[in-house]
Amino acid sequence: MTVEQTLAELVSIDSVSALSNAEIISYLEARCEALGFTVKRFPHLDETGAEKINLVALQITSQAEAATVELALVGHTDTVPYDPAWSEALKLTESDGKLYGRGACDTKAFIAASLTAIESIDLKKLKQTLALVFTADEEIGCLGAKCLADARPFNARYAIVGEPTSLQPMRAGKGYCLAEITVRGREAHSAYPQLGASAIFRAARLINRIEEVAKDLKSHAHASFDPPFTTLNVGLIEGGTAKNIVAGECRFTLEWRTIPGQESDYVLNLVKREVDDLQKLDPDFVCRIHAARTDESFETRADSPLVHFLEESSNKPSGTVAFGTEAPSMIALGADAVVFGPGDIRVAHRTGEFVPIDELNRCVAILRRSIEHHCF
Ligand SMILES: [Zn+2]
């Protein structure tokens, strides 16, 4: 099968994160078994009760220890939702040297390239264990990869994590953290504000201080990133019940993206310190902080052999990504992890996402050489 045929079959299986990924996993399992891989499913139920499956397929060599994987190729099976008006979302369509379809770019192109690369290799020559790893629920927080890292199905030396990077190896990524903050006040008629305490004024004082925290974060720089420091954002705010009521509650979200080397709770602790300070000035100041998400940053060292290999193969210097990936989960399994794949992240997640055919074919060649280089 050609890489385009495989991609067409993958795109035809609806695997948006809201659905079970059982169908696409069954398809991938059959393809891996036909190649002689030993497959194992890691199923779990998501919060809606839908079955989500991570699949690990190992090509175990007699010389190598089964539990130690030399190279893992990792692709997430889920996609973001698509607009019902995009009638060809599940039908791979070619135009102008590009292949269009939901997931064509993010990240079924990488999965198709991995399968095609493996099918073109004489697997009898493998001396080190090769793994294919297919995960669930990447698009809603890398949930499948985190489950898999907890299950510790193998230790890996190197991992290529598929994501659209226009075939540039990405060796580091910022973390992603989110907190929901609720500030309480006391409702009163707005004609008599002294009878209450405005949660909105209190939240505003805290947000002013958070803006100062953001300025201080600029002094810790990591030159590989743009911008080179931890950033934060108050993206949503909501509070009060009416224009003539002193607000009893105000809620806002605080999001921050950490540079490698900074713990995910570093910002949270700075914000808590500001809350403590405000409480000293206003003993009635009540604030609840719910840490909703803490995805760690990652960094694979610039002189890792995998980074070198992919820089040479792609003819591109390694870079960094600002979006969340499954790389930290692979690092948790012992791997040097690099994010790499065909297609451009800027066209992912939108109606009409596509992968350029020449990049798809180059990815097949680079993955084939990666397997031969690491596992032969
Ligand atoms: Zn992706």
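**A tour from the zinc site to the H1–H9 contact**

Along the chain, the donors of the zinc ion are spaced as H-x29-D-x56-E. The model is predicted, and the tour begins at this ion.

Select the zinc ion together with His 76, Asp 106 and Glu 163. The protein donors are His 76 through NE2, Asp 106 through OD, and Glu 163, which is listed twice through OE. These donors lie 1.9 to 2.7 Å from the zinc ion. The site is irregular, with angles of 53 to 139° among the 4 donor atoms.

Next, display the backbone around two of these donors. Asp 106 sits in the loop between strand S5 (98-100) and helix H3 (108-119), and Glu 163 in the loop between strand S7 (155-162) and strand S8 (170-173), so the pair ties together parts that are 57 residues apart in sequence. Asp 106 and Glu 163 are both buried.

Move now to Leu 132, in strand S6 (residues 130-135). Leu 132 has 0% relative accessibility and therefore counts as buried. Leaving aside residues up to four places away in sequence, Leu 132 touches Cys 32, Phe 37, Leu 55, Val 56, Ala 57, Leu 73, Ser 114, Leu 115 and Ile 118. A distance label between the C-alpha atoms of Leu 132 and Val 39, which are 93 residues apart along the chain, corresponds to 9.2 Å.

Finally, select helix H1 (residues 3-12) and helix H9 (residues 357-375). Their axes come within 11 Å and cross at roughly 105°; H1 and H9 are therefore roughly perpendicular to each other. Val 3, Glu 4 and Leu 7 of H1 make the contact with Ile 357, Leu 360, Asn 361 and Val 364 of H9. The residues of this contact comprise 5 nonpolar, 1 polar and 1 charged.

Notes
Residues numbered from 1 in each chain as written. Predicted model: local features only at pLDDT ≥ 70, side-chain atom pairs only at ≥ 80, totals over all residues. Heavy atoms only, no water. Donors = N, O, S within 2.8 Å, 3.2 Å for Na, K, Ca; no water. Tetrahedral: all angles 85-135°; square planar, octahedral: opposite > 155°, others 65-115°. Helix = DSSP H or I, 4+ residues; strand = E, 2+ residues; numbered from the N terminus. Buried < 20%, exposed > 50% of the residue type's maximum accessible area, 1.4 Å probe, protein only. Axes fitted to C-alpha atoms, helices over the stretch in contact; angles between N-to-C directions. Parallel < 35°, antiparallel > 145°, perpendicular 65-115°, else oblique. Contact = heavy atoms within 4.5 Å. Nonpolar A, V, L, I, M, F, W, Y, C, P; charged D, E, K, R; others polar.
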